[in-house]
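Reader: Could you walk me through this model, one feature at a time? I'd like to see how you read each one.

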Amino acid sequence: MDATIAALLTQDGLTNGSIYCLLALALVLVFAVTRVIFVPQGEFVVFSALTLAAFEQNKLPGTVWLLIALAAVAAFADVLSLWREPKRMLRSMAGTSLPAALAALLVWGVASAQMSFAIQVLATIAAVTAMGPAVYRLAFQPIASATVLTLLIVSVAVHFVLTGLGLLFFGAEGVRTTAFTSESFTIGSVSISGQSLLVYAFTIFLVIAMGLFFKFTLFGKALRATAANRTGARLVGISPNFAGSLSITLSAAIGAVSGLLIGPIATIYYDSGFLIGLKGFVGAIVGGLASYPVAAAGAIFVGLVESFSSFWASAYKEVIVFTLIIPVLLWRSFTTTHSEEE
Amino acid sequence: MSEALLEVSDLHVAYGQVEAVRRVSLSVPTGKIATVIGPNGAGKTTLLGAIMGLLPSHGTIRFAGERVEGYDTEALVRLGMTLVPEKRELFHEMTVLENLELGGFSRRRSGESRAALLNTLDEVFALFPRLKERQPQLAGTLSGGERQMLAVGRALMAKPKLLLLDEPSLGLAPLITRDILATIAKLRDTGLSVLLIEQNARAALKTADYGYVLETGELSLQGNADELLHDERVIATYLGKR
Ligand SMILES: Nc1ncnc2c1ncn2[C@@H]1O[C@H](COP(=O)(O)OP(=O)(O)O)[C@@H](O)[C@H]1O
Ligand SMILES: [Mg+2]
C-alpha cells in the first residue's frame with residue numbers, strides 16, 4: 001500500500017465514519033432518555049435516501065403513504081386509549097398524527113409541483129423527522145417503563161415492521177442520489193472529493209449544534225435531566241413521554257440528514273438500514289451507550305476499520321467490523337463498574 | 001379550619017399484596033402547614049408518592065377543588081403541587097443554576113416568560129443566599145444541607161400552591177434543620193400551603209399548624225399542632241423526655 005492509497009482509504013473511512021458518528025450520537029441519546037436500544041435508527045437513513053431519490057426521479061415518494069399510515073394508526077391508538085379524555089386525546093394527536101399528516105401533504109406538494117432540489121432536501125428531512133413522534137407513540141409509549149430487554153425486543157420488532165413497510169412503499173430497487181457537489185480538490189497527489197468535505201462539514205456542524213442544544217436550550221436540558229434522573233425530571237414536570245418522543249424525533253432528524261449524506265456514496269436499498277445502523281451501534285457501544293464523545297470517536301474508528309479492511313480483505317469487511325465489538329465488550333466489562341438501576 | 005387546598009379521603013396504597021397505607025384521610029388548609037409524623041416505615045413516603053401521582057392508589061384526592069386521583073405527576077406540577085422527595089432526586093451532573101431552571105420547566109412550557117422565572121429565581125436566592133453563591137457548581141458536589149436547599153429551591157421554582165416535603169431534616173445537622181423549617185414557616189406566611197412529613201416530631205409540630213400521626217399505614221391521632229405537642233401519647237412515643 002502506498003501513501004496515495006492510504007490517503008484515499010482514510011478519506012473514505014472518515015466519510016463513512018462521520019455518518020456512523022451521527023448515528024452513534026442518536027443511539028446514545030435515545031438510550032439515555034428512554035433506555036431503548038434503537039435498532040430502527042438505520043431505517044430513518046434509508047427512508048431519507050429513498051425519499052430524495054424518488055423526488056429526483058419525479059416520482060411520488062412512498063413516504064407519503066408511510067406517513068399517512070403512521071398518522072392513521074397513531075390517531076386510532078389515541079382514540080382507543082384516550083376517548084374518555086378528549087382534551088388529552090387531541091393534544092396527543094396534535095403532537096403525533098398531525099405532524100405526520102402535514103409532512104405527507106408537504107411531500108405530495110413538493111413532488112407534484114416538481115420543486116427545486118433544495119426544497120426537495122428540506123421536505124425529505126421534514127418527512128422523515130415527522131415519523132419520530134409516531135414511532136415513539138405506537139411502539140414505545142405504551143411500554144415506557146418496561147425492562148431494557150423488553151424494550152429491545154420491541155425495538156427489533158419495529159425495525160422489521162419499518163423494513164417491511166419500506167419494501168411495500170418504496171419497492172426493492174436500490175437507489176443512489178446525486179451528489180450535492182461534483183467538485184474535487186487536489187492536495188499533492190491526493191484528491192479529496194467535495195462530497196466528502198461536505199459530509200465532514202455537516203457532521204461537525206451537527207455535532208456542535210447538538211452540543212449547544214443540550215447545553216443552552218430548555219428542551220436540551222430537559223432531555224439531559226430525564227437521562228440523569230427520571231423521577232427528578234417528572235417532579236419538575238418533564239413527562240417521560242415528552243422526553244422520549246423528543247429524543248426519537250431528534251434521532252429521526254439525524255437519520256434523515258445521514259441518509260442525505262450517504263445517498264450519493266452508497267447504493268441504498270429498503271433493507272440497508274440495519275447494517276448502517278449496526279455500525280453506528282458498534283461506535284455507541286465503545287462509549288458504553290453513555291458517552292457522546294467516546295461514541296463519536298468509536299464510530300469514526302469503525303469507518304476507518306471498514307475502509308482499510310475492504311482493501312486488505314474485502315470479502316471479510318463486515319465480519320471484521322462486527323468482530324470489533326468483541327474486544328470492545330471485553331474491555332468495557334473489565335473497566336466499567338456497574339451502576340445500580342434506579 | 002379554613003377551606004382545604006388538599007383533601008385526601010380514604011386513601012389506600014399497596015405494594016403488590018401489602019397495603020402500606022390504609023384508610024388515610026387528611027387535609028391541608030390553604031396557607032397552613034399540616035404535618036404527618038410517624039416512625040420509620042409507617043408509610044409516610046408512600047403516602048406522599050401516591051398524592052404526587054408517583055404511585056397508584058385508591059381513594060379520592062382533591063386539589064384546589066379538582067378531583068386529581070390518577071393524574072400524572074407532570075399534570076399535578078402544572079396545577080401547582082410540587083414534591084421535595086426524601087431522596088432529593090437532584091440532577092447531579094448539572095449545575096445548581098440548571099437544576100433551578102429546570103424547576104421552572106412546567107411554567108416555561110405553559111408559556112410563562114423567562115422574566116417571570118428570573119423573578120422567582122431571585123426569590124429563591126433571597127431565601128437561600130448559599131445557592132446564589134453556588135450557581136455554577138455541580139449539584140452532585142454540594143453538601144447535604146445545600147442539596148436540601150437546592151431541592152426546596154427547585155420545587156419553589158414551579159411557583160407551587162402546595163409544597164409536599166418528605167423529611168427535609170433527614171441526614172442534616174440540627175441547626176440546618178432549624179433553618180430549613182424556619183424557611184418553610186416563612187413561606188407559609190407568604191400564603192404557601194405545606195404538607196410536611198417528618199420523623200423529627202418535635203421540630204415538625206413546632207413548625208406546623210395541624211398534625212397527623214401515622215402508624216403502620218393508618219392515622220392514629222390528629223389535632224392542632226400545639227395540642228399534639230402536649231398530648232401524652234405523642235409525648236410518650238415521639239417526643240420522649242425534654
Ligand atoms: N417499593 C416498595 N416495595 C415494597 N414495599 C415498600 C416499597 N417502598 C416501601 N415499602 C414498604 O412500605 C412501608 C412504608 O414505607 P415508607 O412509605 O417508605 O415509610 P416511611 O416513609 O414512613 O419511612 C414499609 O414497610 C416499606 O418496607
Ligand atoms: Mg420515608
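**Reading the model**

Author: Happy to. Let's begin with a residue in a loop: B:Arg88 is found between β6 (81-84) and α3 of chain B. Keep in mind throughout that this is a predicted model.

Reader: What is the phi of B:Arg88 near?

Author: Start with the general idea: most residues other than glycine have a negative phi. B:Arg88 goes the other way, with a positive phi near 65°. It also counts as buried, at 11% relative accessibility.

Reader: Which strand is B:Asp10 found in, and what is its phi?

Author: B:Asp10 sits in strand β1 (residues 4-15) of chain B. Its phi is positive, about 50°, although it is not a glycine. B:Asp10 is partly exposed, because its relative accessible area of 41% falls between the 20% and 50% cut-offs.

Reader: On to the domains. Into which domains is chain B divided?

Author: Domain 1 covers 1-80 + 161-242, and domain 2 covers 90-159. Taken over C-alpha atoms, the centres of domain 1 of chain B and domain 2 of chain B are 23 Å apart. Domain 1 of chain B brings 14 residues to the contact and domain 2 of chain B brings 13 residues.

Reader: How would you read the area and the polar links between domain 1 of chain B and domain 2 of chain B?

Author: Look at the area, then at which atoms provide it. The two domains of chain B bury about 970 Å² between them, with 78% of it on carbon and sulfur atoms. The rule finds 0 salt bridges across this interface, and the count of residue pairs in polar contact is 1, both residues being at pLDDT 80 or more. On the domain 1 side, α2, β7 (162-166) and α8 (174-189) of chain B each supply at least two residues. The largest share of that side, 5 residues, comes from α8(B). By class, the domain 1 side has 9 nonpolar, 1 polar and 4 charged residues.

Reader: Now the two chains. How many residues does the contact take from chain B and from chain A?

Author: It takes 24 residues from chain B and 21 residues from chain A. About 2,000 Å² is buried between chain B and chain A, and carbon and sulfur atoms give 62% of that. If you want a place to point the viewer, try B:Glu74, B:Phe91 and B:Phe105: they supply 30% of the area that chain B buries against chain A, more than any other three residues.

Reader: How many salt bridges are there between chain B and chain A?

Author: The count is 4 salt bridges. A:Arg224 and B:Glu98 give you a salt bridge to look up, with their side chains meeting at 3.3 Å, N to O. There are also 6 residue pairs in polar contact between chain B and chain A, both residues at pLDDT 80 or more. Several helices of chain B are involved: α2 (73-79), α3 (96-103) and α4 (105-109) each supply at least two residues of the side that touches chain A. The residues of that side divide into 10 nonpolar, 4 polar and 10 charged.

Reader: What do the buried residues of α10(A) pack against?

Author: Partners come from both chains: α1 (3-34), α9 (194-216), α11 (230-235) and α12 (240-262) of chain A, together with α3 and α4 of chain B. The buried residues of helix α10 (residues 218-228) of chain A include A:Leu218, A:Lys221, A:Leu223 and A:Thr226.

Reader: Is A:Arg137 buried or exposed?

Author: It counts as buried, because its relative accessible area is 6%, under the 20% cut-off. A:Arg137 lies in helix α7 (residues 131-140) of chain A. For a buried charged side chain, check the partners: a polar contact of 2.7 Å joins the side chains of A:Arg137 and A:Asp78. Leaving aside neighbours within four places in sequence, A:Arg137 is also in contact with residues including A:Ala74, A:Ser92 and A:Pro142.

Reader: One last residue: how far apart are A:Thr249 and A:Gly132 in sequence and in space?

Author: They are 117 residues apart in sequence and 4.1 Å apart in space, C-alpha to C-alpha. A:Thr249 is found in helix α12 of chain A and counts as buried at 17% relative accessibility. Beyond neighbours within four places in sequence, A:Thr249 is in contact with A:Thr129, A:Gly132 and A:Pro133.

Notes: Residues numbered from 1 in each chain as written. Chains lettered and ligands numbered in written order. Predicted model: local features only at pLDDT ≥ 70, side-chain atom pairs only at ≥ 80, totals over all residues. Heavy atoms only, no water. Contact = heavy atoms within 4.5 Å. Buried area = accessible area lost by both parts, 1.4 Å probe. Polar contact = N/O pair within 3.5 Å; in protein donor to acceptor, adjacent residues only side chain to side chain. Helix = DSSP H or I, 4+ residues; strand = E, 2+ residues; numbered from the N terminus. Nonpolar A, V, L, I, M, F, W, Y, C, P; charged D, E, K, R; others polar. Domains from an automatic or database assignment. Buried < 20%, exposed > 50% of the residue type's maximum accessible area, 1.4 Å probe, protein only.
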